[in-house]
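Here are a few exercises to work through with the model open beside you. Try each task before reading its solution.

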Amino acid sequence: MALKTAARISTISYDIRGPLAALADELEGQGRDIIRLHLGDPAEHGVAAPAAVLDAVRRDLDASCGYAHSQGIPQARDAVTAYYQDRGIDAIDPDDVTLGNGVSELVQVALHSLLDPGDQVLLPAPGYPLWAAAVTLAGGTPVHYRCDEEADWSPDLADLRARTGPRTVALVVNSPHNPTGAVWPAPVLHAMVEHARAHELTLLSDEIYAHILYDASHTILAGLAPDLACLTFGGLSKTHRMPGFRVGWMLLTGPRRHTAEYARALHLIASLRLCPNVPAQHAIVPALRDIERTERELTGPGGVLRERHRSAWRALRGLPDVGCVRPRGAFYLFPRLPPGRRDEPFAHELLCTQGVLVAPGSGLHHPKGDHIRLTSLAEPARFAEAVTRIGRQLDSPSGSPTTRSSRR
């Protein structure tokens, strides 16, 4: 008898690590040169983690073999608390901080603590697919609001209002935005907070790219909504180039008389995984102590991410009939394909014939099916080679004999 699979699994996907990535592995195994631009992994592209942070993990390794507090080690939670206090988030203490094995785990902890079957959560489209999958796995219903390419990928507030209904319980905000790299302006964030206030929505703010900015400034959403329940997500995967360490945190803010019961549920769900990875938590104190210097080194004048971002943007702009809003944060580009090209078949053809792996926009909940996501993390020469190959594929007719044979 076939092993039963939960019915809800058929409604979720994570195409970034799906069949295209598996095909890329297969092609590489055959000796093909594959340029991988589908993941936001700095380490894969040679952007090293800070030595002082790695040294702190090594130094405390012997003392990290036992279980820790289910919310994380005290010194790391103290550091996260101080980080937000220094940025104007008052009336918080370490008990408001939960550490986790990356933001991805904490999103699921937060949603399982929040949602009842049928509860709706507003999510940006396009958007990072983990959020929709996690909402579904927690028994909720994802409802996507439109981000407008013509407005530099800022949320369409009218669409957001139209999609809010009686079962809506939470609003997800993501700035800097994955996959577009947009940094949503403060007036837009204020308007979203006002909408959450009017409808008594919990705010879920994904701020993992808060310190990866290009000529833009970041607004901590919790600072705009001291009277609302707000969960702020951050971590070291991106700024400190250590996604394999799985170091993330979640801060709960808002009036305690409103959040106390939810906090107890949050702590219960967090305790079910016993504790987060203990050795990796020792990275948090030195990482946050030097966060401003790290940001300058990455995105300031001459910074490695700034230079790679600028080089990638220039290379991409050389492709005729490909449009792309210039990103102001994160390390992604979200170009629009020429008319008539569809993202999923194009990404498949591009991988099979040219050896470039990108993420189709459809897998990132972009309904138009005509965008792809690329990371700007690759070394400039490697990214330029990828753009040359993309241009070559755009010059070829869709569904060429080479592509058709590769699909067999």
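**Exercise 1.** Describe how helix H4 packs against helix H5.

Solution. Start with the geometry: H4 (residues 102–114) and H5 (residues 129–137) pack at an angle of about 35°, and their axes are 9 Å apart. Here axes are lines fitted to C-alpha atoms, for helices over the stretch in contact, with angles from 0 to 180 degrees between N-to-C directions. Helices (H or I, at least four residues) and strands (E, at least two) are DSSP runs, numbered from the N terminus.

Next, list the residues that meet: Ser 104, Val 107, Gln 108, Leu 111 and His 112 from H4, and Leu 130, Trp 131, Ala 134, Val 135 and Leu 137 from H5. Contact means heavy atoms within 4.5 Å. Then sort the contact of H4 with H5 by class: 7 residues are nonpolar, 3 are polar and none is charged. In this scheme Ala, Val, Leu, Ile, Met, Phe, Trp, Tyr, Cys and Pro are nonpolar, Asp, Glu, Lys and Arg are charged, and the others, Gly among them, are polar.

A note on the source: this is a predicted model, in which local features need pLDDT of at least 70 and side-chain atom pairs pLDDT 80 or more, while totals for chains, interfaces and linings use all residues. Residues are numbered from 1 along each chain as its sequence is written, and side-chain values use heavy atoms, leaving out hydrogens and water.

**Exercise 2.** Place strand E9 among its neighbours, and find out why E9 is largely enclosed.

Solution. Begin with burial (under 20% relative accessible area; exposed is over 50%, partly exposed in between, with a 1.4 Å probe and protein chains only). In E9 (residues 247–253), 7 of the 7 residues are buried, so the strand is largely enclosed by the rest of the structure. Now split them by direction: Val 247, Trp 249, Leu 251 and Thr 253 point one way, and Gly 248, Met 250 and Leu 252 the other.

Finally, look at the pairing, which requires at least two DSSP bridges between two strands. Strand E2 (residues 97–101) runs antiparallel to E9, joined by 5 bridges, and Val 97 stands opposite Leu 251. Strand E8 (residues 230–235) is also antiparallel to E9, with 6 bridges, and Leu 231 stands opposite Leu 252.

**Exercise 3.** Is His 195 buried or exposed, and which residues does His 195 touch?

Solution. First locate His 195 in helix H7 (residues 186–199). Its relative accessibility is 7%, so His 195 counts as buried. Leaving aside residues up to four places away in sequence, His 195 touches Leu 160, Arg 161, Thr 164 and Leu 201.
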